[in-house]
Amino acid sequence: MAVDELDTRILRLLLERPRTSVREYARILGVARGTLQARLDRLERDGVITGTGPSLSPGALGHPVLAFVHIEVTQGRLDDVGDALAAVPEIVEAFSIAGGGDLLTRVVARDNAHLEDVIQKVISLPGVVRTRTEVALRERVAYRLLPLVESVGRAARS
């Protein structure tokens, strides 16, 4: 899907001011509310905008420990293990990967002992062969998309 300059301006506003109304976005951008709404609908339909909920902090929810757990899976069991991982609340993301392992998960925990409990739960799942855990010490670059949106916008103007 091609993202044009107006789309990038809309996306920038959504990222910078997520709690602003559609009417206010239209006013800021100098476009009709209907035009803005049509663009938002298209961006959602095309999968560019994937959510509108708040961004939550696991640390503020009492889970300040972050780890990345690589999981090796028995051949043919990837879907089963993926389904089982979805039932573990401390696993906040899981991806199929190429390279060292079959799955990469982002795991949050209350403390290191709790992290060990979560890892033991994962290891005990049918189809899990082994895990490798890397504990994050400090976030250096927070999850962000604004620089990417700006880059896409510059390319759209070229």
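1. Two strands count as a pair when DSSP finds at least two bridges between them. Keep that in mind for this predicted model, where S1 and S4 pair in the antiparallel sense over seven bridges. To see one spot along that pairing, find Ala67, which stands opposite Val135 in S4.

2. Now look at the other pairing of S1. Seven bridges join S1 to S3, and these two strands run antiparallel. Two places are handy for checking this by eye: His70 stands opposite Leu104 in S3, and Ile71 stands opposite Leu103 in S3. As a bit of background, strands of a sheet pair through backbone hydrogen bonds, either parallel or antiparallel.

3. Next, the sheet as a whole. In what order do the four strands sit? The order is S2-S3-S1-S4, in an open sheet with antiparallel pairing. S2 and strand S4 (128-135) each have a single partner strand, so they stand at the edges and one side of each is left without a neighbour in the sheet. If you ignore direction, neighbouring strands are turned by 20° against each other on average.

4. Two helices lie across this sheet. Helix H4, residues 78-85, lies across S1, S2, S3 and S4, and runs at about 15° to S3. Helix H5, residues 112-123, also lies across S1, S2, S3 and S4, but its angle is given against S4 and is about 155°.

5. Let's zoom in on Thr105, a residue of strand S3. Is Thr105 buried or exposed? Buried means under 20% relative accessible area. Thr105 has 2%, so it counts as buried. What does Thr105 touch, leaving aside neighbours within four places in sequence? The contacts are Ala67, Phe68, Val69, Ile71, Leu85, Ile91, Glu93 and Ala94. Ala67 should ring a bell: it is the residue opposite Val135 in S4.

6. His114 makes a good second stop, this time in helix H5. Its relative accessible area is 7%, so His114 is buried. Not counting residues up to four places away in sequence, His114 touches His63, Glu90 and Ala109.

7. For contrast, go to Arg45 in helix H3. Exposed means over 50% relative accessible area. Arg45 has 62%, so it is exposed. Try finding Asp80 from there: Arg45 and Asp80 are 35 residues apart in sequence, and their C-alpha atoms are 29 Å apart in space.

8. Finally, the empty space. Rolling a probe the size of a water molecule over the atoms shows where such space is left. How much space lies in the largest pocket? The figure is about 1800 Å³. Which elements give two or more residues to its lining? They are helix H1 (5-16), helix H2 (22-29), helix H3 (33-45), strand S1 (65-73), strand S2 (91-96), strand S3 (103-109) and helix H6 (146-157).

9. A closer look at that lining is worthwhile. It has 44 residues, and those nearest the centre of the largest pocket are Leu15, Ser55, Tyr143, Arg144 and Leu145. Sorted by class, the lining of the largest pocket holds 27 nonpolar, ten polar and seven charged residues.

Terms used. Residues are numbered from 1 along each chain as its sequence is written. This is a predicted model: local features need pLDDT of at least 70, side-chain atom pairs count only at pLDDT 80 or more; totals for chains, interfaces and linings use all residues. Side-chain values use heavy atoms; hydrogens and water are left out. On a 1 Å grid over the protein atoms alone, a cavity is a set of points where a 1.4 Å probe fits but cannot get out, and a pocket is an open set with protein on both sides within 12 Å along at least five of seven lines; lining residues have an atom within 4 Å of a point. Grid points are joined across faces, edges and corners, and a volume is the space filled by probe spheres set on the points. Ala, Val, Leu, Ile, Met, Phe, Trp, Tyr, Cys and Pro count as nonpolar, Asp, Glu, Lys and Arg as charged, and the others, Gly among them, as polar. Axes are lines fitted to C-alpha atoms, for helices over the stretch in contact, and angles run from 0 to 180 degrees between N-to-C directions. Contact means heavy atoms within 4.5 Å. Buried means under 20% relative accessible area, exposed over 50%, partly exposed in between (1.4 Å probe, protein chains only).
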